[in-house]
Amino acid sequence: MTAKEKSIEERIDRLHADGVVDCHFDMPMDLYEKRNRTNVVATDYLPELETGNIGILGAAIYIEDRYLPEIGLRVALDQIARLYAEAEQGARVAICKSYQEILGARKDRKIALLITMEGVEPLGTDLDLLRVFYELGVRSIGLTHARRNAAGDGGVFAPTGSSGDGLTAFGRDVVRQCEVFGVIVDLAHISPAGFEDILAITTRPPIVSHTNARKYYEIERNVTNEQIKMIGERRGVIGVNAVLVSPKKEESTLDRYIDHVEHVADLIGIEGVGIGFDFFEFIYRQWPESKRKEVAAKLTTPHFIPDLSNHSHSRNLTRRLIERGFSDENIEKILRGNWMRIFKELL
Ligand SMILES: [Zn+2]
């Protein structure tokens, strides 16, 4: 290693010392599928998380189609049960329900897990269950994935064609109740009409935990410049997703990821950018070919970025941010500071 390379690696060490925040990770559904095993986090996840210096992780409860509607609620509860069991097995992770608990976990050098929900299918149409999930530790909720549910519709993976219906009455109730409880409302995946509805009935800084700019990937699942500005006006944060940076495989690169970061920062300032990697290549690889085809037909074919496809690669991101001239102060905001501001204010 040359002296220059060494100094860059030391700079990355310093920038990562307090831990990187990734606001969206599909770990709970994988823990559920591996529920006959113990210490899954320690064996399957920790090596990459620790190599990448991940400090805080949004762990998303998500229910696959095959469990709906009959056992969606039970699978969601079991996913949370697996998270608690894994945390108890001394896996160096801690489930956190408040900003203070996040700080405490970090002080103990544990990875802070924030339980999030991607799609309110587990609630069915029962608002009382929101209280139950809150008590279990869910602290951020996105109303929908790509499909329709009792709260509203997801944005389609196409330039047009999402439902124009906006939120249902139930969806609006969920949003209002989230604000009462202090649960973050996550705008990732919601249809454009639902996006506007949520902003019209909330007052706090909004987040989009994992998304990309439509400038580079023109689908309604991603966000327009107007939507990015709406988040910025309310001092919200947008987590840049690593699996939808471009419709083209050859353009799905680390540099294109940083183009999304720059684009959001150009529109609303560096304070509006965070990370929501959405790494799921490890799950995708476990799927049979038939299921990959099903996902390609229903949604899209994800293009994983070769040097940014799992948590151990987060140092590659920081290195490239340095190479592209980002200051330490701005890198720190992207990697951690902006999400921490949101957690401090909302949790
Ligand atoms: Zn998602």
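Which residues make the nonpolar surface patch of about 200 Å²? Select Leu73, Leu77 and Val132, and you have it on screen. Keep in mind while you look around that this is a predicted model. Zoom in on Leu73, which sits in helix H4, residues 72-88. Leu73 has a relative accessible area of 32%, so it counts as partly exposed.

**Next stop: H1 and H13**

Now show helix H1 (residues 3-16) together with helix H13 (residues 314-323). The two pack at an angle of about 115°, and their axes are 10 Å apart. H1 and H13 are therefore roughly perpendicular to each other, and their crossing is right-handed.

Stay here and turn on side chains for Arg315 and Glu9. They form a salt bridge, with 3.2 Å between the closest N and O atoms. This pair ties together distant parts of the chain: Arg315 belongs to helix H13 and Glu9 to helix H1, 306 residues apart. Are these two partners buried or exposed? Arg315 has a relative accessibility of 15%, so it counts as buried; Glu9, at 18%, counts as buried too.

**On to H9 and H10**

Select residues 225-233 for helix H9 and residues 254-268 for helix H10. Here the packing angle is about 60°, with the axes 9 Å apart. That makes H9 oblique to H10. The crossing of this pair is right-handed.

Within H10, pick out Arg256 and Asp259. Both lie in that helix, three residues apart, or about one turn. They form a salt bridge whose closest N and O atoms are 2.9 Å apart. This bridge is part of a wider set: salt bridges with shared partners join Lys248, Glu251, Asp255, Arg256, Asp259, Glu262, Arg320, Glu323 and Arg324 into one network. Colour those residues together to follow it. As for Asp259, its relative accessibility is 16%, so it counts as buried.

**A partly exposed pair**

For another salt bridge, go to Asp44 and Arg37, where the closest N and O atoms are 2.9 Å apart. Asp44 is at 31% relative accessibility and therefore counts as partly exposed. Arg37, with a relative accessible area of 32%, is partly exposed as well. If you want to keep hunting, a search of the whole structure finds 34 salt bridges.

**Last stop: a loop**

Finish at Ala158, in the loop between strand S5 (138-142) and helix H7 (169-181). Its relative accessible area is 25%, so Ala158 is partly exposed. Then add Thr300: the two residues are 142 apart in sequence, yet their C-alpha atoms are 9.0 Å apart in space.

Technical notes:
Residues numbered from 1 in each chain as written. Predicted model: local features only at pLDDT ≥ 70, side-chain atom pairs only at ≥ 80, totals over all residues. Heavy atoms only, no water. Patch = residues over 30% accessible without salt bridge, like charges linked within 9 Å, V, L, I, M, F, W, Y side chains within 5 Å. Areas by Shrake-Rupley, 256 points an atom, 1.4 Å probe, with all protein chains shown as cover. Salt bridge = Lys/Arg side-chain N within 4 Å of Asp/Glu carboxyl O. Helix = DSSP H or I, 4+ residues; strand = E, 2+ residues; numbered from the N terminus. Buried < 20%, exposed > 50% of the residue type's maximum accessible area, 1.4 Å probe, protein only. Axes fitted to C-alpha atoms, helices over the stretch in contact; angles between N-to-C directions. Parallel < 35°, antiparallel > 145°, perpendicular 65-115°, else oblique. Left-handed = near helix turned anticlockwise from the far one by under 90°.
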